[in-house]
Amino acid sequence: MEQFSVPTGRITVIPFGINNSVPDTGLSSREAKKRLGIRENQKTILFFGRIKPYKGLQYLITAFRLLVPRHDDYKLIIAGRLEEGCERYWESMQREIQEYVETGRVISRVEFIPDSEAEVYFKGADVLALPYTEIFQSGVIFLGYNFGLPVVAADVGSLKEEIAVGTTGFVFRPEDPIDLARAIEEYFASDLFADLEKRRQEIRDFATERHSWELVSEVTMGIYAGLLRSQAGNSHDVSSLSPSD
């Protein structure tokens, strides 16, 4: 709208389809934790996906360092491939987490994670952290929802619109590790976490209702049906935007 002066009425946003293509076996959360070396009573935060500056991992690490003195049962998983050219960015964070990696408080898997291995991370974690500094939409949140995993996310782009506070997760101010630490503590003190195993299906249902491929198909077909019905000279009157990571 801003860059191309397109009126609101000429834009249709197609919902981001839920990522249900990643293998989901009968692996339980308890078994996933065991595979990752996580004790059942440890409260585990997951950062998943490519590691690059706009993903805001540095803020999550700072927040975790603030939380460690207050909570000896918190654990952090960092799982994902380092983006080419971001080596110095990661090196600075490595120094901050080294002591926690050595003591087992941080699990660092900075490498490509194949789809076949994603399940163990999403089922072994208790919450997914999205500390992004800027983004329109992210496929990672829907991958988490597909496994029934709650999220704490920065209020950037349209992420806030995808979170039912207290039901599917919590929101915090972007680039603010203190507020991120608060959101993590609020989550682990909430009924959502206390009843997590029962609430996972509710999260899946929430995402499926709003982002099923049936809905995406209906919206997409509706757009093109409208174009086909319109006169050839007016076919440019409708534009569509499809969110991407």
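**View 1. Charged side chains of the chain.** The chain carries 28 positive and 37 negative side chains. How far apart do the centres of the two sets lie? They are 3 Å apart. Please keep in mind, here and in the views that follow, that this is a predicted model.

**View 2. The whole chain and its outline.** Welcome to the overall fold, which has nine helices and eight strands. Measured out along the principal axes, the C-alpha trace spans about 65 × 40 × 30 Å. The radius of gyration is 20 Å, which agrees with the value near 18 Å that a compact globule of 245 residues would have.

**View 3. Inside and outside.** Of the 245 residues in the chain, 47% are buried. On the outside, the chain exposes about 12600 Å², and carbon and sulfur atoms supply 49% of that area. Looking at contacts with a separation of 6 or more, 71% come from residues 24 or more positions apart.

**View 4. An aromatic cluster.** Which residues come together here? Tyr74, Phe170, Tyr187, Phe188 and Phe193 form one aromatic cluster. The structure as a whole holds 12 aromatic pairs.

**View 5. A close look at Asp179.** This residue is found in helix α6, which covers residues 177-188. Is Asp179 buried or exposed? Asp179 counts as buried because its relative accessibility is 7%, and the cut-off for buried is under 20%. Setting aside neighbours within four places in sequence, Asp179 is in contact with Phe172 and Arg173.

Terms used
Residues numbered from 1 in each chain as written. Predicted model: local features only at pLDDT ≥ 70, side-chain atom pairs only at ≥ 80, totals over all residues. Heavy atoms only, no water. Helix = DSSP H or I, 4+ residues; strand = E, 2+ residues; numbered from the N terminus. Rg over C-alpha atoms; globule rule 2.2 N^0.38 Å. Buried < 20%, exposed > 50% of the residue type's maximum accessible area, 1.4 Å probe, protein only. Contact = heavy atoms within 4.5 Å. Areas by Shrake-Rupley, 256 points an atom, 1.4 Å probe, with all protein chains shown as cover. Lys, Arg positive; Asp, Glu negative; His and termini not counted. Charge placed at Lys NZ, Arg CZ, Asp CG, Glu CD. Phe/Tyr/Trp six-rings, centres within 6.5 Å; stacked < 30°, edge-to-face > 60°.
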